[in-house]
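Please work through the following exercises with the sequence and the model at hand, trying each task before reading its solution.

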Amino acid sequence: MPPDPQGPALLHWLQDGAIGRAMRESLWLFPAVEIVHILGFALLIGTIVALDFRLLGWRMAAMPVAQLASLTLPLSIAGFALALPSGLLLLTTEAAHVGVNPAFLAKIGLIFLAGLNALLLHRGAWRSVAAWPADAPPPGARLAAIASLFLWLGVLIAGRMIAYL
């Protein structure tokens, strides 16, 4: 059976539901949610980039990695807590189209890979963070930082490309 060109039933349900209609019909709701989404991912990605730069030795060399992480992690979580639900609300406006958009699917896949990268870092090299030399995080941590930077850059690019595909 060929795939439905208008998207799966779940996407139609999201789009045609009360939230999707409200998002499309309200003069202020969509822009307000979009602002929250942008603030959320700016906070999320900004704090991740700060930690990645520290892991690579590009910034804040005087601050121990664990101390910077303790400052940035709550902000990263707050950014994710803003970006995820606001992104889902934005999806409801055109779910049948956006949900099958290659850029949207790439964005979701890259977010998954970025989360997996962070999980692997925390299950691996991060376990000994307190013992790292101040000026030399282990190669595994630096590799994770490079992967993180590229993955989150990809998320931003894919997110922007949704409007053009």
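**Exercise 1.** State how the lining of the largest pocket divides by class into nonpolar, polar and charged residues, and then describe where this lining comes from.

*Solution.* The lining of the largest pocket holds 21 nonpolar, 5 polar and 4 charged residues, where Ala, Val, Leu, Ile, Met, Phe, Trp, Tyr, Cys and Pro count as nonpolar, Asp, Glu, Lys and Arg as charged, and the others, Gly among them, as polar. This is a predicted model, in which local features need pLDDT of at least 70 and side-chain atom pairs count only at pLDDT 80 or more, while totals for chains, interfaces and linings use all residues. Residues are numbered from 1 along each chain as its sequence is written, and side-chain values use heavy atoms, with hydrogens and water left out.

The next step is the space itself, which comes to about 930 Å³ in the largest pocket. A pocket is an open set of points on a 1 Å grid over the protein atoms alone, where a 1.4 Å probe fits, with protein on both sides within 12 Å along at least five of seven lines, and lining residues have an atom within 4 Å of a point; the volume is the space filled by probe spheres set on the points, which are joined across faces, edges and corners. Of the 30 lining residues, His37, Leu90, Lys107, Gly159 and Ile162 are the closest to the centre of the largest pocket. Two or more lining residues come from each of helix H3 (29-55), helix H4 (65-93), helix H5 (95-98), helix H6 (102-123) and helix H7 (139-161), helices being DSSP runs (H or I, at least four residues) numbered from the N terminus. H4 gives the most, with 8 residues.

**Exercise 2.** Describe the second largest pocket: how many residues line it, and which of them lie nearest its centre?

*Solution.* The second largest pocket, with about 520 Å³ of space, is lined by 24 residues, and Ile48, Leu73, Ser76, Ala118 and His122 lie nearest its centre. The elements that give two or more residues to this lining are H3, H4, H6 and H7, and the largest share, 7 residues, comes from H6. By class, the lining has 16 nonpolar, 7 polar and 1 charged residues.

**Exercise 3.** Find which residues touch the most other members of the largest nonpolar core, and examine how Trp126 and Trp132 are paired.

*Solution.* A nonpolar core is a set of buried Ala, Val, Leu, Ile, Met, Phe, Trp, Tyr and Cys residues joined through side-chain atoms within 4.5 Å, and buried means under 20% relative accessible area with a 1.4 Å probe, protein chains only. Of the 14 residues in the largest such core, Leu51, Leu55, Val65, Leu121, Trp126 and Trp132 touch the most other members. H3, H4 and H7 each give two or more residues to this core, with the largest share, 4 residues, coming from H7.

Trp126 counts as buried because its relative accessibility is 13%, and Trp132 is buried because its relative accessible area is 11%. These two residues form an edge-to-face aromatic pair, 5.5 Å centre to centre with 85 degrees between the planes; rings of Phe, Tyr and Trp (its six-membered ring) pair if their centres lie within 6.5 Å, and planes over 60 degrees apart count as edge-to-face. Leaving aside residues up to four places away in sequence, Leu55 touches both Trp126 and Trp132, among others including Val65, Leu121 and Pro137, where contact means heavy atoms within 4.5 Å.

Definitions and conventions. Buried means under 20% relative accessible area, exposed over 50%, partly exposed in between (1.4 Å probe, protein chains only). Rings of Phe, Tyr and Trp (its six-membered ring) pair if their centres lie within 6.5 Å; planes under 30 degrees apart count as stacked, over 60 as edge-to-face and the rest as tilted.
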